[in-house]
Every structure is written in C-alpha cells, then in structure tokens.
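Please find below a short note for a student reading this structure alongside the sequence. Each point may be checked against the model as it is read.

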Amino acid sequence: MSALDPEALGTRAYAMIAELAAISAEPKRLVRQFLTPEHRRAADLVATWMRKAGLAVSEDALGTLRGRFGTSRRRLLIGSHIDTVIDAGKYDGPLGVIAGILAAEPFVRAKAKLPFGIDVLAFGDEEGSRFPATMTSSSACAGVFESEALTSADAKGVTLAAALRAYGKLPQDIAAAAYRPQDAAAYVEVHIEQGPLLEAKGEPLGVVTGIVGQSRLRVTVTGEAGHAGTVPMALRHDAFAGAAEMALVVERLAREHPEDGMVGTVGRIEASPGAVNIVPGRVVFTVDFRSLTDELRLAAIQRFTAEAEGIAATRGLKASVENFHEVATAHCAQPLQDALAASIAEYGHNPIRLPSGAGHDAQVMSRLCPSAMLFVRCRGGISHNPAEFASVSDMGVAIAALIRFIEKFQPG
C-alpha cells in the first residue's frame, strides 16, 4: 500500500461511475429507484466489481450488497448508496460505494492481517425517491428499521412490502440484516460535498463534523375565499398573505443561528381554490428546519408555531402546524475525524472541517457505531443535478486517504 497512485485510483473510479450511470430507467436522464429492475442491474454490476476485488458478496433482505474481507468478528463498515433522485448526477452515492471497493482491494490482494474485517456496503434506499420512507437499507443494517415503513406506498400504490417480495426478498428477514453493535467497529462514508465550501477553500477533501438534524412541518392556513375584485383589502382573510408573512418568520429564525448552520426553507406551497380571480381561502405549505443543535432547532419550531398562530389571529385566520418528519443531529466520532484528517494531511492537503447540511446513511449508521464522513469537492457545489461533477484527481486522493485510514485504523 506504500506506492499508492491517487491519479490511477481516480481514473478507475471515474470509469466505474460512468458505467453505473448508464443504468437508468429513462434514456435521457439518470433515474434509478429502490427495488426496481434498474436497482437490480446496478446491484449486479456492483457485485461483479466486489468479486473482482476479491470480496465475498452477499445481499440482505433490504437489498443491501455486502462485500466482505476477513474473518474477524469486528468489522469496519465502508459504504454509501446506489439509488438516485429523479434526473440525478452520477456521483451522489456511487462514489462512496466505489471508493470502498477500491480501498478494500489492496488489502485483499495483499492478504493483509488486520485486527478487523472490512465490509463494503451498497445501500439501495437513501434518497427516498420511490417510497415516503427513506434510508430503510441503512436502518436495517443499524437495527433501527421501523416496520411501519413496509406499508408505505409509491406513486403507483405499490407498498414497500410488495416491492420487496417482487425483488425476491422476504420482509420477515429484515431483522436478520442488523449488525450486532459489538461487531460494528465503525462506519465511514466517502461522499461528494454537495456544497461549495471546499471549492471556495481550494481544498479537495473535507472531514465532516456532524450531520444536521432535520424537522419538517406541514402548515395549514385557513381563511376565507372571496372575489378578487369586490372584497376590500381591509376586510379580507387572505390565507396566502398570512402564509407569506409566516414564511418570512422561517427565514428570520434561521438567520439568528448562523454559527449553528441553521437553515429554514419553505419548499412547497399550494393555494386554494387556486384561481387568478379568487382570494385564497386555504394554503398548505411545508417548512424544513435544519441545524447541528437539536435544542436550537426545536426551540425555533416552537417560536415559529407561536408566531404563526399570532399572525393568523391578527389576520382573522386559523393556522395549524404539524411535524411530519424528525431526524436528530448525528455528530461524527472525534477519533475517526482526526484519523481521516491525518490521512488527508499525508497527501499535502488541509483537511477542512465542515458540517453536512444534507442527510446521509452515516446519520443512521451512527446509531449503530461510531461513524464518520469524508467529503470530496464537487464543482460549483452542484448536486442532485446532471451537472454534478468531481474530478479524477479529487476522487483519487480521497480513495488514497481512505486506504491510509484503513491502514492505521484500530477498532476500539
């Protein structure tokens, strides 16, 4: 492992990413959803790569591929996902799986005697682009899968349970997919940054300090529909005007905590009846709050709810706020952060420490074992977009740093 060639590693990764990106449900854009024929083809290709690297391959009840090296009960888990959003980029997810395979390969070839085994994981459901449930694959591995997810249905009405059976899996086998906490030494994930910070700093790699917690709210504002030309402004109960004022509260609250990386977004809004000449009588909109401190985020939600109700009362409206999605902050293990940073520094780069504003499988796996993430610079910070791009050089040094990390890793 002493003669690593990052450029050669990056070149191999680029070719594998391109090959995987050719597997899509649509000819003109990348669409690869969980438990579909495209997922099957992608998993089969990844399994082929794993076997060529000398890994023993298995697949669990949630379709997660596992490439295994070594017989030790204690395992270092390295992985990411192979599903995509609609009209996706090539790198989000597959880079982490491919990096794991290429990083494990030299240890397999050398028949290295490590004090731990290595499992490379290829999860099938991180994006949640098919079913309302998300990260079900890593949840099964972490032993925190919630059986209620089996009843969730896709846009065609197919439930997760039915899709699993069609894929050749049995829902009753999901519990067996879980690692025992005493067997999981750590989880490490390589992923494109999906943001612009590394590019702005001029550095190829970053070490993630934590993955922000998320709260998603559904806000319903009820007023009174009326004629757009005949109802005077002073007598209106305009649900949309009230919702617009509430949206500005989201922005103000999030801006109060820049040190915590708090962000707030109104991502979807629907006004009814929805006609150009009718004062909106009902509006439903979503709010997405994210931060690195759960207490600050939950306090922001309480303040938002109180202010939304106050705005509604002042305008003669009614407002209800429903929390429909809650994920706690996951802090990355400090010893793993430091080890990744040291490996990056060995290649002459400054390991930038930064939070992740997006959710990842590492967030779930941290409930099983100490977890960490290595971010790779992506051009323009663009992701979930066909323009998503990471350079051969940056990917190569990421894989080389991961190999160095494995060489030095000591299971606790």
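The numbered points below concern a predicted model, and they take up one strand, some loop residues, a pocket and the nonpolar cores in turn.

1. The note begins with strand β12, which spans residues 282-291. Is this strand enclosed or open to the surroundings? Of its 10 residues, 8 are buried, so the strand is largely enclosed by the rest of the structure.

2. The pairing of β12 with other strands comes next. Strand β7, residues 213-222, pairs with β12 in the antiparallel sense, and 10 bridges connect the two. Within this pairing, Val-221 stands opposite Val-283 of β12. Strand β9, residues 263-265, also runs antiparallel to β12 and is joined to it by 3 bridges; here Gly-264 has Phe-289 as its bridge partner. Strand β10, residues 269-272, is a further antiparallel partner, with 4 bridges to β12, and Ser-272 stands opposite Arg-282.

3. A single residue of β12 may serve as an example. Thr-286 is found in this strand. Buried or exposed: how should Thr-286 be classed? Its relative accessibility is 17%, and buried means under 20%, so Thr-286 counts as buried. Leaving aside neighbours within four places in sequence, Thr-286 is in contact with Leu-217, Thr-265, Val-266, Gly-267 and Arg-268. As a general point, side chains in a regular strand alternate between the two faces of the sheet.

4. Ser-272, already met opposite Arg-282 in β12, deserves a second look. A cis peptide bond joins Ser-272 to Pro-273, with omega about 5°. Pro-273 itself is found in the loop between β10 and β11, the latter being residues 278-279.

5. Two residues have a positive phi although neither is a glycine. Leu-35 has a phi of about 60°, and Lys-111 has a phi near 50°. Leu-35 lies in the loop between α1 (6-21) and α2 (37-52), while Lys-111 is found in the loop between α3 (94-109) and β4 (117-123). Leu-35 counts as buried because its relative accessibility is 8%. Lys-111, by contrast, counts as exposed because its relative accessibility is 66%.

6. The surroundings of Leu-35 can be described further. Which residues does Leu-35 contact, once neighbours within four places in sequence are left aside? They are Arg-130, Leu-160, Ala-163, Leu-164 and Tyr-167. The C-alpha atoms of Leu-35 and Ala-328 are separated by 27 Å, and these two residues are 293 residues apart along the chain.

7. Arg-130, a contact of Leu-35, also belongs to the lining of the second largest pocket. The volume of this pocket is about 210 Å³. Besides Arg-130, the lining includes Ala-25, Val-31, Gln-33, Thr-36 and Glu-38, together with Asp-154, Ala-155 and Lys-156. By class, the lining residues divide into 3 nonpolar, 2 polar and 4 charged.

8. Leu-160, another contact of Leu-35, leads to the nonpolar interior. The largest nonpolar core has 80 residues, and those that touch the most other members are Val-46, Leu-76, Leu-160, Leu-402, Phe-405 and Ile-406. Apart from this core lies another, of 24 residues, among them Leu-77, Phe-123, Tyr-187 and Ile-352. As a general point, nonpolar side chains in soluble globular proteins tend to be buried together.

9. The contacts of Leu-160 may be listed, again without neighbours up to four places away in sequence. Leu-160 is in contact with Phe-34, Leu-35, Phe-131 and Thr-136, and likewise with Phe-145, Ala-149, Leu-150 and Ser-152.

10. The last point concerns Ile-399, found in helix α11, residues 392-408. Ile-399 is buried, because its relative accessible area is 0%. How far apart are the C-alpha atoms of Ile-399 and Pro-6? They are separated by 7.2 Å, although the two residues are 393 residues apart along the chain. Not counting residues up to four places away in sequence, Ile-399 touches Leu-9, Ala-13, Ala-99, Leu-102 and Ala-103.

Notes:
Residues numbered from 1 in each chain as written. Predicted model: local features only at pLDDT ≥ 70, side-chain atom pairs only at ≥ 80, totals over all residues. Heavy atoms only, no water. Buried < 20%, exposed > 50% of the residue type's maximum accessible area, 1.4 Å probe, protein only. Pairing = 2+ DSSP bridges. Contact = heavy atoms within 4.5 Å. 1 Å grid on protein atoms, 1.4 Å probe; cavity = no way out; pocket = protein on both sides within 12 Å on 5 of 7 lines; lining within 4 Å. Points joined across faces, edges and corners; volume = space filled by probe spheres on them. Nonpolar A, V, L, I, M, F, W, Y, C, P; charged D, E, K, R; others polar. Core = buried A, V, L, I, M, F, W, Y, C linked by side-chain atoms within 4.5 Å.
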